[in-house]
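Morning, everyone. I'll be quick today. Please look at the screen.

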Protein chains: 2
Amino acid sequence: MHITRAVEYGIIGMLYLAGHDRGKVVMIDEISRKEDIPKSFLGKIFQSLTRAGLVNSNRGAGGGFYMARDSDQINILDIIEAVEGKIALQRCLDAATGCSNSDSCALCLLLHDIQETVKQTLANTTLADLAQKHADMKSHKHPQRPLTESVRLPDIRTE
Amino acid sequence: MHITRAVEYGIIGMLYLAGHDRGKVVMIDEISRKEDIPKSFLGKIFQSLTRAGLVNSNRGAGGGFYMARDSDQINILDIIEAVEGKIALQRCLDAATGCSNSDSCALCLLLHDIQETVKQTLANTTLADLAQKHADMKSHKHPQRPLTESVRLPDIRTE
DNA sequence: CTGAATAGGACGAAAAATGTCCGGTTTAAG
DNA sequence: CTTAAACCGGACATTTTTCGTCCTATTCAG
Ligand code: SF4
Ligand code: SF4
């Protein structure tokens with residue numbers, strides 16, 4: 001139960017982009033140096049972000065990446081799923097694998113509930129939200145409020 | 001971001017125990033067969049559960065495991081932490097490793113919030129709750145309500 | 001043309017997850 | 001007392017996932 005480096009790097013990379021003018025083209029090398037992330041690894045991650053349409057890229061000399069939408073139109077779940085595909089806390093919640101017992105397994109139901117709240121929270125947090133908080137924190141203003149609010153659980157599996 | 005097999009097996013094993021009379025001594029071999037879990041692996045997992053005080057064990061002929069407390073006095077977070085230690089969604093949230101930026105990283109804050117709600121949900125679900133739902137589901141009664149309720153986020157990091 | 005930069009895929013090392021095995025200890029029962 | 005059953009504990013083996021690297025191709029500015 002751990003967030004992967006790839007996801008973390010992806011979010012931090014996007015935060016870096018969001019901290020600059022929209023449309024500003026930034027090279028992998030710059031993000032890599034400024035955020036201390038292995039360059040080739042970050043390159044791979046940005047390929048995924050590009051394929052997912054969260055950023056655009058220019059190739060060739062003077063090339064680099066820039067945001068495809070405004071940062072308040074991108075949420076954190078978007079980024080995570082771009083980097084590592086759909087979130088699945090367990091086999092039964094993974095469309096690809098699945099589990100034959102999932103219809104009669106209370107644990108599966110519990111994990112499903114938890115997964116949905118996590119996804120809701122991630123989906124409700126925009127990159128702009130996170131970038132704003134990030135900037136605040138770097139300027140030594142201590143945060144007073146939690147970043148997220150409580151999320152209503154969806155009423156799942158009620159036919 | 002995945003629940004490990006060890007944790008899943010641990011919970012299912014405890015569910016099995018909870019489905020029998022309190023004090024009933026059950027062998028690893030029985031749980032292993034009935035729940036289709038590799039025997040030696042399950043043995044290891046139950047060692048952890050025993051060390052954590054969730055179950056007691058009798059050694060020697062006629063030995064086995066039995067619940068150390070009533071199932072409504074054990075929650076799912078207890079089981080998870082018994083099997084794999086404290087939950088940590090990231091380095092910065094892991095007391096052992098940590099991250100030097102955690103004071104000025106909005107992502108850390110977001111992950112912290114999420115982790116807390118997950119832990120709250122797990123802590124609010126007792127083994128008895130899960131066992132009840134499990135039994136219901138196995139007898140073909142379709143569940144009407146989600147297992148968990150929404151959890152208030154704690155107001156973290158407000159000095 | 002040349003050098004800079006991403007795209008894509010193959011590859012490799014390290015870590016974690018998932019088990020297995022075996023010798024040791026405890027205990028019930030004959 | 002002996003034996004067989006069962007857990008204990010640690011070492012070990014296998015597989016999968018994570019965390020990258022590297023190389024070639026492609027694209028583009030100057
Ligand atoms: S939690 Fe239940 S349904 Fe999900 S994978 Fe485990 S056994 Fe299957
Ligand atoms: S999220 Fe921020 S604080 Fe947490 S490990 Fe990553 S960089 Fe460090």
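Let's start with DNA strand C. There are 25 residues around DNA strand C, and those that come nearest are Ile28(A), Lys44(A), Gln47(A), Ser57(A) and Arg5(B). Now take the atoms of the strand that come within 4 Å of the protein: sugar and phosphate account for 69% of them. Keep in mind that this is a predicted model.

Next, some single contacts. Find Ile28(A). One of its backbone N or O atoms lies 2.8 Å from a phosphate oxygen of DNA strand C. Ser57(A) uses its side chain: an N or O atom there is 2.6 Å from a phosphate oxygen of the strand. What about the bases? A polar backbone atom of Ala61(A) is 3.2 Å from a base nitrogen of DNA strand C.

Which element gives the most to the surface near the strand? That is α3(A), with four residues. In chain A, α3 (39-51), β1 (55-58) and β2 (64-67) each supply at least two residues of this surface. From chain B, α1 (5-18) and α3 (39-51) each do so as well. By class, the surface has nine nonpolar, ten polar and six charged residues.

Now the ligand. Where does ligand 1 lie? It lies between chains A and B. Chain A places Arg91(A), Cys92(A), Cys99(A), Ser102(A), Cys105(A), Leu107(A) and Cys108(A) around ligand 1. Chain B places Glu8(B) there. By class, this shell has five nonpolar residues, one polar and two charged.

That's my part. Over to you.

Note on methods: Residues numbered from 1 in each chain as written. Chains lettered and ligands numbered in written order. Predicted model: local features only at pLDDT ≥ 70, side-chain atom pairs only at ≥ 80, totals over all residues. Heavy atoms only, no water. Near = heavy atom within 4 Å. Nonpolar A, V, L, I, M, F, W, Y, C, P; charged D, E, K, R; others polar. Polar contact = N/O pair within 3.5 Å; in protein donor to acceptor, adjacent residues only side chain to side chain.
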